[in-house]
Amino acid sequence: MLSLSHLLLLLPILLLYLLVRRILTTLFFHPLSSFSGPLYLRLTSVPLSIISVLRREPEVLLSLSKKYPPSTRAIRISPNLLFFPHTSALKPIYWSPTHNHKGSLYGTGALGPTSLFSTISADDHKALRKSLGGSQWSFSYLKNEQESRIDNLVTLLVTQLSNLNPQHVVKIDDKLAQFAADVMTLLTFGKPWGFIAHDRDEKRLLAAFRESLPFFGFAARCTSFRELFLASSLMRSLLLPTLDDKTGSGYLGAQAKLAIAQRERERESQLEEENRVKDYLDYTLDARDSKGNPLTQAEKEGQVTLLIQAGADTTGTALGATLRFMLQHPDCLDKAKQEIATAEEKGLLSTPVLYEETKQHLPYFVGCIKEGLRLNPPAPNLFGRVILEKEGAMIDGVHVPQGAEVCSQSYTVGRDPELYGPDAEAFKPERWLGDDEKHKAEMEAASFVFSMGPRICLGKEIAIMELYKVLPEIVRRFDFELVEAGKYVVLGGVAHNRGFKVRVRRRT
Ligand code: HEM
């Protein structure tokens, strides 16, 4: 029999053997071993996870897309993950009904109960999306049912900015994120939580969400971390938010639970306010699966929580980033102001400006918004999909074997010189206005900011409506002096603006 000292000697040898075997397998015997990619990324999923936590993912992926020649259509950025940096890969990945199975990124549980977003299987997603994705997400619904309520929030924001001392330095990124959070609580629960009215981050919803992102980003990318630490329910309960939390996602989860219970009671006892405009909580309760059954309790909670997590900080980031680009490009800002003045002289703009008015009468402003979204996408995550077909799949001219995960990323594809040309990285609203209809249609079709295909963002129209209303309205009413441009920060695949400060003066 082996003695303890022999065992202790054998242990490091065994560990070394396992490590060497893992390295050799990953590099030479893995189905993706023939793909190019930096050695440090091909070996384990840890470096990619660290890059995400260090807020360097967009820059690293963009630099990889430039480092490899255009003939390299897929780059191996983790042992089992291929990154496609060109827009030509988007349709084959995200529109294919067969690749609609989500990758391991989604299984962290860090954002609360399983929702439409975190449903992994394509079939389960299809059924859930069918029951939840009704006409309440369309522009016409929003225009008819919700726009006037959003107008009240726009007016409140304008009043608050008007009351500021012109010498006062405002963190405009926070203000705009708070506006978006109020819109989401309004649409979800029927009443805004008061982010703008109280001029604060209610229940630290935005701050706590951002604080959760390093963990979410790391766990989503690091396979071994998930296997070691998130597999047991004990560890999950220690590491993930709980309903007892007084702030953040845990608090939001508890509020979702309470709101669902209360609305269900009101519905049963028919105590509902007369003529109440339906909110997304109602639509969640109304949703039925293919057999006519309501959603499960967990699905209802997951959906209600998701709407706020998916729609608040993302839209706030888009608002802030676009305004920053405009202030950093005074020539563009002047053109946008001139366009507004011309439309105003012709009596084409309401107060606050309506979504449809911006769309029809402010095409240059719309170009600014499209550029803001393209260059600073609010959700530049690695939205991975799994290749399930036995024979693998062809993506952008590359054969990908079964079992591999494939992804693209909006920050890099939004700068693809193959589509946007040599000035792809420049803020240039004019690119959306030229006469080349075919090219404009190609750019529209290749926009990956809200994803595409069967899992495209359900709240895209809400976000666009907010952008088309708030930004023209504040540019119309105020002069902004840029004090600090701050930064667009990407953490865990989700972006926010940091340190964007201005002085605001109401225009007479
Ligand atoms: C500028 C703002 C926004 C951006 C950039 C954005 C981006 C995205 C992206 C990229 C996805 C797809 C993720 C994936 O493939 O896994 C997504 C999904 C989703 N988004 Fe958004 N989003 C925004 C605003 C909103 C808003 C305002 C809401 C809602 C109220 C919302 C609700 C959702 C939902 C429910 C999903 C899941 C859809 C599904 O899986 O079927 N989003 N969003």
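Which helices each supply at least two residues of the shell around the ligand? Select helix 6 (122–132), helix 14 (297–328) and helix 21. Helices here are DSSP runs (H or I, at least four residues), numbered from the N terminus. Helix 14 gives the most, with five residues.

This is a predicted model, where local features need pLDDT of at least 70, side-chain atom pairs count only at pLDDT 80 or more, and totals for chains, interfaces and linings use all residues. Residues are numbered from 1 along each chain as its sequence is written, and side-chain values use heavy atoms, with hydrogens and water left out.

**Stop one: the iron**

Select Cys-457. Its SG is the only protein donor of the ligand's iron atom, at 2.3 Å. Donors are N, O and S atoms within 2.8 Å of the metal (3.2 Å for Na, K and Ca); water is not among the atoms, so sites may look incomplete. Cys-457 sits in the loop between helix 20 (437–445) and helix 21 (460–477).

**Stop two: the ligand's oxygens**

Now show three side chains. His-125 has an N or O atom 2.6 Å from a ligand oxygen. For Arg-129, that distance is 2.7 Å. Arg-385 places a polar side-chain atom 2.9 Å from an oxygen of the ligand.

**Stop three: the whole shell**

Select the 26 residues that surround the ligand, each with a heavy atom within 4 Å of it. The closest include Lys-102 and Tyr-106. The shell divides into 16 nonpolar, six polar and four charged residues. Here Ala, Val, Leu, Ile, Met, Phe, Trp, Tyr, Cys and Pro count as nonpolar, Asp, Glu, Lys and Arg as charged, and the others, Gly among them, as polar.

Conventions: A polar contact is a pair of N or O atoms within 3.5 Å; within protein, one must be able to donate a hydrogen and the other to accept it, and residues adjacent in sequence count only if both atoms are side-chain atoms.
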